[in-house]
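Welcome! Please take a moment to look over the sequence and the structure shown here, and then follow the tour below.

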Amino acid sequence: MSIPRPPLIAIGLLSACVLAYEVLLTRLFSIVLWHHFAYMIISAAMLGYGASGTALALLKEKIAPRVGWVYVMVAMAMAFLMPAAFLLAQQVPFNPLQLLWDQTQLTRLLAIYLLMMLPFFCGGLGIGLVMWHFGSQAGRVYAFDILGAGIGSLGVIGVLFLMPPHNALVVLTALALLAAAIAVIELGMRPKWLAGIFLGLGLAVFVALPGSWLQAQPSPYKDLSQTLNIAGAQVVEERSSPLGQITVVENTLIPFRHAPGMSLNATDEPPPQLAVFVDGEGPLVLTRFDGKFAPLAYLDQLTSALPYHVLEKPRVLVLGAGAGSDVLQALYHGAAAVDAVELDRNVIDLVQQRFRDFGGSLYAQPGVRVFAAEARGFVNASPDRYDLVQVALMDSFGVASAGLYGLSESYLYTVEALQTYLSRLTPDGMLAVTRWLTLPPRDALKLFATAVFALEQNGIPNPGGRLVMIRGWKTVTLLVKNSDFTAEEIEAIKEFGRTRSFDVAYYPGMLPEEANRYNLLEQPYFFKGATALLGPQREVFINRYKFYIEPATDDRPYFFRFFKWAAAAELFALREQGGMPLLDWSYPLLVAALVQAFIASIVLILAPLAAARARRALPTAPVALYFLAIGFAFMFMEIAFIQKFILFLAHPLYAVAVVLCAFLVFAAMGSWLTGRWQKKAMARGSRHLTLAVMTMGVLSLLYLAILPGLFQALTHLPDAAKIAVSVVLIAPLAVCMGMPFPTGTMRLASTAQDSIPWAWAINGFASVVGAVLATLLAIHLGFAAVILLAVLIYGLAAIALRRFA
Amino acid sequence: MKCQFAAGAASALGAFLYFCCALPSQAAEFDALRQKMVEEVVASSGSTPPDPSVMAAMGKVERHRFVPGWLAPFAYRNHPLPIGYGQTISQPLIVARMTDLLNIKEGDTVLEIGTGSGYQAAVLAEMAKSVYSIEIIEPLGKQAAERLKSLGYENVETRVGDGYYGWPEAAPFDAIIVTAAASHVPPPLLKQLKLGGRMVIPLGASFMTQYLMLVEKQQDGSVTTRQIVPVRFVPLSGGH
């Protein structure tokens, strides 16, 4: 069958589906499990692509006579597999909480990983097939491929504003079928009515496939699932946006009574509440408010009420206002004005519109202003000064205490974040941060250390004079004041603790015997820790402490990482004695994912080549090194920049979509440029690569130096402008990063064409492993180091290129 | 969407295994496993072993009857296990520690919030005069009630519903155990605790009991709490 021209539109569409699916999966997995599985999805996508490259290398001769058919079949398979793989993955009873108890969980994780790979395998095969078959027009095919990828990764965000993720999955399924239909037309295949069938199938899927079939089922161990098991629980509202799926649950039979860590001396019961879950986690609560403050007395029985006993009629900024608990607390205590900042408009809308009567128009109370914004960005841009900045307790207790957040970056609790908050305080104002209590102390001491560092970096000679920490039986509240605490203030703090049986863990001038009075611990761990962190032996203490409590920074924003190998070994040995729950499981999971990526990519990408005839065309060491290096370096850059842009773009999903899109599109442009240059001057191949690597090095260094400041300066911009800025920043870097791959391939084409499949497979292997390895390195070394490492590896690649053939 | 077929097949297999487990030779095997579990818990507790009465009670209660059939062979491992509805049966060591902290005496009346599988209630029933247990998840509560009845625990009364207000008709209690996750300790429960009584609350995620809180109501009505990490682990290296 002669094929007249490449199916460009079909390629673009298929490529859009692949990338949209990749982003969509991170969303779906946030609902099913927890949000930090993104690195695994990127790795699974790369594995699918890599394995498809190997399959193509081995099977292309057989496929050659039926390219059109194979392409159509592959598109159809992808249409089927996108929902099917997700549905099947949902059936795998993987429970990360059991990971350390039950080794079969690792097998289940592997099953999910391999299932998620399948749609990407099909997509990669379809695109690779066309690219190979239309070799002479590969440039145009590549352009449509990348254009589609870019549109897909960004477009899915738009789609997620319009519909919930499970419906978006239906749309993608229909689009993949449409890609098959268009391919039939573009390739002039017979019979023509086949196109009609695919189109009809696509339409049928779009119209008739109920999205509810594909609805993500949250793990039974997530808060929402557990809440819905309770008799009388009813979902009364659901909202969805790229920022999260919101579920509001009401229970008139057994009401919610969320009062985290309420004093045991309290006799008050919270008024009726609605529970608000974001991606099945929470709850945030919307408390019934009828303008009367008496029923809200319980709000004075939480550790977070402490600042209101030190400040009078403060102007308050609540960061992470959610459904308004902390705003209500401020109003209860007579705050003069409250500015509430909440990231998700849908949550604000619930309070302001849907449940306005229930919540007593909380956000429209006199003196209350509400802002839909990311906390750091808002504080940076705000010209206002506050007497109190409250960082609300937003994460759920179970999740935080189980170490589920260990790998998720949080820019709320870094040294730079605290410095920013402090900069918006009035001269005697204070910052209050409340965290769940963990034992042995983890969050609290890390937060305390972060505050000490922030104050020191602000040039405060005696940070201890400005810090107070109290602990209840379930929560800890830290106060950081903009000036030294006065004797009266300390008296008020002690009185607050005394009447509620909350222990003062630290105040300036505190005596050891004042610690550990009400909630008795084996030792006064909090007081000892706080004083050690203020003393000359701080470094020794941090090093000797068995959990990782080194302050988080914007470069390493892993506040929730407490994992240390030595302690892990000890706790694992003590697992039968109750040590297991203290082990932060997310870190071992990352290591498991790395091992899994390593083995899977060897088995699926490299081994089939070695087993086939291709082994005769083994590449030389420099060639292998070159393609390995550029695979790792590309992934390191991409992952590090995704993480880095989370702060600027305010949400991991935005960062994944925008950064991925920008890297793809501009790397493609780099490839295209390489092709043009190479045609003109073959001999200068390695010279322009050296130039590209040098440019990357300079740009990376420049970015590392200017990005923090630039982000701070531009953080007030609207989302669209921020996305544009991000794209402009990434563009030159990505153009350079797009050059090494085609440079190497073209060089091989003229010297050792048979080793090209090997080169690609090695590159695929490095991408799969690199996606996970980058996250691991970022946790240990920071983003800056990962970026610099990538530049170094690119440098190594440039040297290897000179030794080709 | 849950795969009904797979679930059905799994429960059929579970029922089969459970049936097998109930055979006399299996029963003897479970007895042996249970004794081993008791020894392990005592050994794991180091210098602070639970009171012998606690271990005697745990030596009697057939834990394998409190887990889903297919997990029966694993019931006596020193692990927590899933029991459905996102709930778990605690690690034997944690059950022992909690029961020990409650300091149960023969004539005591005990309240449990969060029946779960009913295992903890059964252990308490071996030691106390009467146990009252409330479960918030209806199917779990019903299953546990039937199970406890069929195993002959006459001194356990169960109820499905809201545990927040305790069990006023049976109050006051010598001991209260709150195994259901709660954001705070319901004030009505503290009221229903006798002077000198003890309340225990495990804290942490499912499968992950991080620490236990012991609330003691003094004779003057004031309360003190102790927070106990169940494992002997000093957070500072070189700090043993």
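## Positive phi angles in two loops

With 20 C-beta neighbours inside 10 Å, N516(A) counts as buried, because 20 is where burial begins. This asparagine sits in the loop between strand 12 (503-506) and strand 13 of chain A. Its phi is near 60°, a positive value in a residue other than glycine. Please keep in mind that the model is a predicted one.

Another residue with a positive phi is S361(A), where the angle is near 45° and the residue is again not a glycine. Look for S361(A) in the loop between helix 10 (345-354) and strand 7 (368-372) of chain A. Is S361(A) buried, or is it partly exposed? It has 16 C-beta neighbours inside 10 Å, so S361(A) counts as partly exposed.

## Chain A as a whole

Now step back to see all of chain A, which contains 26 helices and 13 strands. Its radius of gyration is 28 Å, close to the 28 Å that the globule rule gives for 805 residues, so chain A is as compact as a globular protein of that length. Along the principal axes, the C-alpha atoms of chain A fill a box of roughly 85 × 55 × 55 Å.

Of the 805 residues in this chain, 62% count as buried. How much of the contact network in chain A links residues 24 or more positions apart? Such pairs make up 78% of the contacts with a separation of 6 or more.

## The nonpolar core

The largest nonpolar core has 393 residues. Those with the most contacts inside this core are C17(A), A75(A), A176(A), A179(A), V276(A) and M469(A). Helix 20 (residues 621-649) of chain A gives the core its largest share, 21 residues.

C17(A) is a good place to zoom in. Setting aside neighbours within four places in sequence, C17(A) is in contact with M78(A), G123(A), G152(A), L172(A), L175(A), A176(A) and A179(A). Two names here, A176(A) and A179(A), also appear among the residues with the most contacts inside the core.

## Two cis peptide bonds

Chain A also has cis peptide bonds to look for. One of them joins G282(A) and P283(A), with omega about 5°. P283(A) belongs to strand 4 (residues 281-287) of chain A.

Another cis peptide bond joins L439(A) and P440(A), where omega is about -15°. Here the proline, P440(A), is in the loop between strand 9 (425-436) and helix 14 (443-457) of chain A.

## Where chain A meets chain B

How many residues of each chain take part in the contact between chain A and chain B? There are 49 residues of chain A in contact with 49 residues of chain B. On the chain A side, the elements that give two or more residues are helix 8 (223-228), helix 12 (397-401), strand 13 (519-520) and helix 18 (565-573). The largest share, three residues, comes from helix 12 of chain A. By type, the chain A side divides into 29 nonpolar, 15 polar and five charged residues.

The chains also share a strand pairing: strand 13 of chain A and strand 9 (residues 223-228) of chain B pair in the parallel sense over two bridges. Within that pairing, N519(A) has T225(B) as its bridge partner. Elsewhere, P187(B) in helix 7 (residues 187-191) of chain B touches A266(A), T267(A) and E269(A), not counting residues up to four places away in sequence. P187(B) is buried, with 20 other C-beta atoms within 10 Å. Between P187(B) and Y165(B) there are 22 positions in sequence and 8.3 Å in space, C-alpha to C-alpha.

## A helix and a strand pair in chain B

In helix 3 (residues 52-60) of chain B, the residues V54(B), M55(B), A57(B) and M58(B) are buried. They cover an arc of only 155° around the axis, which puts them on the same side of helix 3. Why can residues three or four places apart in an α-helix point the same way? An α-helix has 3.6 residues a turn, so such residues line up in direction. The face of helix 3 of chain B turned away from its buried side carries the exposed residues P52(B) and A56(B).

Strand 4 (residues 130-135) of chain B has five of its six residues buried, so this strand is largely enclosed by the rest of the structure. Strand 3 (residues 109-113) of chain B runs parallel to strand 4 of chain B, and five bridges join them. Across this pairing, L111(B) stands opposite Y132(B).

Conventions
Residues are numbered from 1 along each chain as its sequence is written. Chains are lettered from A and ligands numbered from 1 in the order in which they are written. This is a predicted model: local features need pLDDT of at least 70, side-chain atom pairs count only at pLDDT 80 or more; totals for chains, interfaces and linings use all residues. A nonpolar core is a set of buried Ala, Val, Leu, Ile, Met, Phe, Trp, Tyr and Cys residues joined through C-beta atoms within 7 Å. A residue is buried if 20 or more other C-beta atoms lie within 10 Å of its own, exposed if 12 or fewer, and partly exposed in between; C-beta atoms are placed from the backbone. Helices (H or I, at least four residues) and strands (E, at least two) are DSSP runs, numbered from the N terminus. Two residues are in contact if their C-beta atoms, placed from the backbone, lie within 7 Å. Ala, Val, Leu, Ile, Met, Phe, Trp, Tyr, Cys and Pro count as nonpolar, Asp, Glu, Lys and Arg as charged, and the others, Gly among them, as polar. Two strands pair if DSSP finds at least two bridges between them. The radius of gyration is taken over C-alpha atoms; the globule rule is 2.2 Å times the number of residues to the power 0.38. The arc is that of the directions from the helix axis to the C-beta atoms.
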